[in-house]
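Colleague: I am new to reading models like this one. Could you take me through it?
Modeller: Gladly; let us look together.

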Amino acid sequence: MRSLALAFALLPMALAVGAEGVKFPAYKSATLPNGAVVALIEKRDTPLVAMNVTVRGGGLGDPTGREGTASLFTDLIQKGAGNRNAAQFAEAIENVGGSLTAGAGTESLGVNASFMSRDVDLMLELVADALQRPRLDAAEFEKARTLAVQSIVAAKDADPRALMSSYGDAWLFRGHPYGRSVGGSEASLAMVKLDDIKRYYAEHVGGDRLIITVVGDFDAATMLPQLERSFGSWRKAGAAVPTVTAPARVTGRPVLLVDKPDATQTYFWLGNVGASRTDPARTAQSVVNTVFGGRFTSMLNTELRIKSGLTYGASSSFSRPSQPGSFHIGSYAETSKTVQAIDMALDTLARLHKDGLDADQLKSSQSYILGQFPPTIETNGQIAARLADMLFYGLGPEDVNEYAQRVLKVDAAAVRSTIDQSFPQPDDVVLVLIGDAAKIRDAVKKYGPVTEMKITDPRFAPATK
Amino acid sequence: MLAGAWSAAGLALAMALTLGAVAQAASPEVPGASQIVTRTLPNGMKLVVWPDKDIPNVAMYTWYRVGSRNERPGITGISHFFEHMMFNGTKTRAPGEFDRVMEGNGGANNAYTSSDVTVYQNWFPSSVTGLIFDLESDRMRNLDFDAGKVESERGVVYSERRSSIDNDNFGTLIEQMQATAFVAHPYQIPTIGWPSDIEGWKVTDLQDYYRQYYAPNNAVMFIVGDVDPAAVFKLADQYLAGIPAQPAPPAVTTKEPPQLGERRIRIERDAQTPLIAMAWHTAAASAREARVMEVLLSILGDGDSSRLYQRLVEKEQAAVDVGTQFDAGFDPGLAWVYAVVPPGGDVTRTEKLIDEEIARLAKDGPTATEITKARNQALAGFWRGLETISGKAQALGQYEVFHGDYRKLFDAPSEYESITADEVKAAAATVLRPENRTVGVLEAKAEPKAPAKGGAK
């Protein structure tokens, strides 16, 4: 206890450093003639350059029933572009020690590249080719689609933790676009045709959708005209950026039980609709969630792991797209302890509502958040991604620069109102369980109506009528 | 993330299945490297300090030269379990206080155990450096074993085992193959521990371990970030210098005898996608052969342009994914090649294709382009590893502990430059021989299941 007092005596110093120590680096930005937004930061401590291209739209542009279209598009643009076929494209990247990946999210898709600074021209050429001159070859498409299906099957044979959010989002947001699996399911990928990819490309990828950020060891004065030449005259996307309405919160406790007969643990995901990226209460949510389920000593991990040894880990988090996304709790326990662990998670959520945070917890959380923030914007890639994120959501550098003040401003009243508004009540959460259904089926009926599917079903949620 | 982002545990095995080559490459001038300072305390503990003011934070990595290689039947997994107990109370601090104090002051931590080492990682704002020294030295000097905590932590580790081994087909296969490839050397022991040992560790086992291995002369500490070396050494004098040295722990002397013929194992489990892996005995981390093997494995399986990816995934559709791994440790470890076979696929065919690619490399050697590619990948990897203070602390530790001197980190790019096509060709022929390998296959119990419904066939 003596050292705990000492610890808190040191607290104000830590807060001051956190508050003053982190300023987002100054960036040069421009809007190109076609609407593409470009932002650059020179950072010269390593001879590396990171590039992030974000294209608004993402999986929201997938045709209904053909989820995974945008994701397959991002696979395919790496399989031949410009004057290189698939093998040549991979060699061009890897021969110089570069990395270039593309992937789709719900509301955007993107390309991330990291090359040594001596190869920066090649990096720009490859990224521009991938986005503007993809071959979209029919044979490569069939291979990419088959591989995407097989990769989902392979994931079902591996650690179930990696699949929880796919099932969780599909169950929580069923009927809403946020419930559509961005990577697709085995069933939806089987429906996607090359024409869908081509249509997606024409309608949802183009210069007006672009946010390009480059961070690292390069000269911004020459990079800007280079980017303008490479991307500034590219055509616009044919359709409007897809929009979504806010999903409705779920009432009651619908349970999805995914049967994995050989599982010796039950993996569970409990959640409801939470908050958006621009929610004014987002900082208060983070302060509360840090205490509830966002760090090792959190309430959830303390109950399920530290005190009881039921699990290796229990945590909670917000996923924040442009409309409210999920707030969810995740953990796992030996099959015979399934109910004990879920009860404990729900009881801990009830306790958060009842007791809130005390003054020490609030201070500890603020200190933790500020202390752990600087390493989140340390590398070229992290800074490029953070800058792209700010531009995507219309936030300025104050999102970082005033972060410390926002964290420190969270007071007891803000904590209470955030718990009331952003954290679900334990009676209103959807549950997803992956485990040996024969052993837990009856016991979990007490939470709510149970819908059952098999892990081998080719979807992440039961087929809709 | 649900997984143990902050859990006190990472297994070498888990890392093994995710990483690409841990390579570095052409010896360049590294900004700030000239400011690295070291000091060895009278009790034998060495500190390496790299001041770096890029962010107002510090990464402190404490490496102990102990891992599952130091274990024996009955206490398998105890190095890793001990790692968990390092967070669970001292004679001066109650269980849990270490984490509460650290997090309440803006710090975070984790740790991992491998066959060779146990590494404790603290990340914190530089303003609380003194406090973190206090916490770290307290558990090196005063660790206590609360009987109740030993029992609850058993459950935590068992849950970790279920996720990373028992409910993960790759985890299951790799564990069984390691136990098969080594008949004498303790690399046969799974770092997480066999289930009956997880259930069986006693407090006296932990006490013995603490005394033997958790001595200052068996540890090296790396401090990278917003610090002044003189101030760090003053803290080291205050908190660490008074911890008494211990007799050197018993050396691991068992050597694995040469393998005299191929070993094959088959694992039967629910599986839609069969797995195949191969593991060959090769060299210790510090040997030149280890570097050659890293280059060889990167040419075979690192990236979409690699030989195995192009042949098995792109051309023949005989694998969903392929990869390679080199286990770099104090003693000669294994070189791995693995493939995920498509649902309903023919494992024998996948194996034959891997064999063909290995034979081709052994017969003709790598191309000049492939050697240049491996060097460039190593060089880029070297720089990426130095982008963060934690990356720097990890890289310094790797070279100090496994190569005997952290300064060899900065020679790594030129060492990769020196590796020739002939060396790679020779290693493919002499190391990747069938008589020197263990082959493992994991498949469904009965007939392989039909491909998933709705597949893109």
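Colleague: Which domains does the domain assignment give for chain A?
Modeller: Domain 1 covers 28-231 and domain 2 covers 255-454 of chain A; such bounds come from an automatic or database domain assignment. This is a predicted model, where local features need pLDDT of at least 70, side-chain atom pairs count only at pLDDT 80 or more, and totals for chains, interfaces and linings use all residues. Residues are numbered from 1 along each chain as its sequence is written, while chains are lettered from A and ligands numbered from 1 in the order in which they are written.

Colleague: What makes residues of domain 1 and domain 2 of chain A count as being in contact?
Modeller: Their C-beta atoms, placed from the backbone, must lie within 7 Å. By that rule, the contact takes 30 residues from domain 1 of chain A and 26 residues from domain 2 of chain A.

Colleague: How many residues do chain A and chain B bring to their contact?
Modeller: Chain A brings 80 residues and chain B brings 77 residues. On the chain A side, α6(A) gives the most, with ten residues.

Colleague: Why does the radius of gyration of chain A agree with a compact globule?
Modeller: The globule rule is 2.2 Å times the number of residues to the power 0.38, and the radius is taken over C-alpha atoms. For 465 residues the expected value is near 23 Å, and chain A has 23 Å, so the two agree.

Colleague: What share of chain A counts as buried?
Modeller: A residue is buried if 20 or more other C-beta atoms, placed from the backbone, lie within 10 Å of its own. Of the 465 residues of chain A, 56% meet that definition.

Technical notes: Contact = placed C-beta atoms within 7 Å. Helix = DSSP H or I, 4+ residues; strand = E, 2+ residues; numbered from the N terminus. Buried ≥ 20, exposed ≤ 12 C-beta atoms within 10 Å, placed from the backbone.
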